[in-house]
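Okay, thanks for making room for me on the agenda. Let me put the structure up, and then we'll walk through it together.

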Amino acid sequence: MSAVEARLAELGLTLPEVVPPIAAYQPAVQSGPYVFTAGQLPMVDGKLPVTGKVGLEVTPEEAKDLARACALNALAAVKSVAGELDRIARVVKVVGYVASAADFTGQPGVVNGASELLSEVLGDKGVHARSAVGVAVLPLDAPVEVEIQVELAQ
């Protein structure tokens with residue numbers, strides 16, 4: 001077991017299987033020392049645990065937990081390309097999309113779910129630049145979607 005996966009286990013988390021694409025793309029691709037993930041939905045056991053807009057059908061707290069699930073799925077996608085999560089030198093960028101009610105402005109707090117998970121799991125290597133964007137709707141009516149970019153150690 002890798003050190004990163006051991007840390008996940010300490011946190012009571014398991015790295016999921018890579019979520020299969022729902023369209024014409026790859027879950028992750030490598031270019032040089034970087035791995036870019038596709039947007040990861042908060043799929044758990046092959047399905048979305050909840051759907052809808054944050055601030056209407058989904059609470060910000062629920063959405064923050066869903067962003068954590070997105071980050072776990074992103075790590076699984078990275079592993080599928082990199083082979084081992086211990087190869088991560090650092091998380092460079094996180095982009096989080098939040099399907100938001102018209103008056104919801106708490107996107108940064110929602111995406112903190114992903115950012116906090118990456119820091120908990122990877123320590124200083126998980127500290128990153130980030131964007132948190134409110135959108136009208138996401139695929140499958142997901143409340144949140146997260147993509148990450150990581151640099152691999154050479």
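Let me start with a question for the room: is Asn73 buried or exposed? Have a look while I say the obvious thing, which is that this is a predicted model.

Right, so Asn73 is buried, with a relative accessible area of 2%. You'll find Asn73 in helix H2. And who's around it? Leaving out anything within four places in sequence, Asn73 is in contact with Pro16, Val19, Gln40, Leu41, Pro42 and Met43. Hang on to Val19, Leu41 and Met43 from that list, since they come back in a minute.

Okay, the core. The largest nonpolar core has 38 residues, and the ones with the most contacts inside it are Leu75 and Ile148. Which elements give two or more residues to this core? Those are helix H1, at 3-10, helix H2, at 60-82, strand E3, at 88-99, helix H3, at 107-122, and strand E5, at 144-152. Of these, H2 gives the most, with twelve residues.

Then there's a second core, separate from that one, with seven residues, and among them are Val19, Leu41, Met43 and Leu138. So here are our friends again: Asn73 touches Val19, Leu41 and Met43, and those three belong to the second core.

Back to Leu75 for a second. What does Leu75 touch, if you don't count residues up to four places away in sequence? The list is Leu15, Leu85, Ile88, Leu117, Leu118, Val121, Leu122 and Ile148. Notice that Ile148 is in there, and Ile148 is the other residue named for having the most contacts inside the core.

Now the sheet. Five strands make an open sheet, and the order is E1-E2-E5-E3-E4, with mixed pairing. The edges are E1, at 28-31, and E4, at 129-135, and each of those pairs on one side only. If you ignore direction, neighbouring strands are turned by 15° against each other on average.

Zoom in on the E1 end. E1 pairs with E2, residues 34-37, in the antiparallel sense over four bridges. Val29 stands opposite Phe36 in E2. The two strands form a hairpin with two residues between them, and Gly32 in the turn has a positive phi of about 60°.

What about the helices on that sheet? H2 lies across E1, E2, E3 and E5, and runs at about 40° to E5. H3 packs on the sheet too, touching E3, E4 and E5, and its direction makes about 145° with that of E4.

Last topic: charges. How many salt bridges does a search of the whole structure find? Four, and I'll show you three of those.

The pair of Lys79 and Glu5 has its closest N and O atoms 2.9 Å apart. This one links distant parts of the chain, with Lys79 in helix H2 and Glu5 in helix H1, 74 residues apart. The two ends sit in different classes of exposure, by the way: Lys79 is partly exposed at 26% relative accessibility, while Glu5 counts as buried at 18%. For those keeping score, the cut-off for buried is under 20%, so Glu5 at 18% goes in that class.

Next, Glu10 and Arg7 meet in a salt bridge at 3.0 Å, N to O. That's a local one: both are in helix H1, three residues apart, about one turn of the helix. Glu10 is exposed, with a relative accessible area of 60%, and Arg7 is partly exposed at 30%.

And then Glu116 with Lys64, at 3.2 Å, N to O. Glu116 is in helix H3 and Lys64 is in helix H2, so this pair ties together parts that are 52 residues apart in sequence. Both ends are partly exposed here, Glu116 at 32% relative accessibility and Lys64 at 28%.

One thing from the records before I stop. An unreviewed UniProt entry carries the annotation "domain: Endoribonuclease L-PSP/chorismate mutase-like" over residues 5-148. Over residues 5-148, the chain is 31% helix and 22% strand, and the end C-alpha atoms are 18 Å apart.

So, to go back to where we began: Asn73, buried at 2%, sits in helix H2, and H2 is the element that gives the most to the largest core. That's me done, thanks.

Conventions
Residues numbered from 1 in each chain as written. Predicted model: local features only at pLDDT ≥ 70, side-chain atom pairs only at ≥ 80, totals over all residues. Heavy atoms only, no water. Core = buried A, V, L, I, M, F, W, Y, C linked by side-chain atoms within 4.5 Å. Buried < 20%, exposed > 50% of the residue type's maximum accessible area, 1.4 Å probe, protein only. Contact = heavy atoms within 4.5 Å. Pairing = 2+ DSSP bridges. Axes fitted to C-alpha atoms, helices over the stretch in contact; angles between N-to-C directions. Salt bridge = Lys/Arg side-chain N within 4 Å of Asp/Glu carboxyl O. UniProt positions renumbered as here; feature names shortened; annotations may be inferred.
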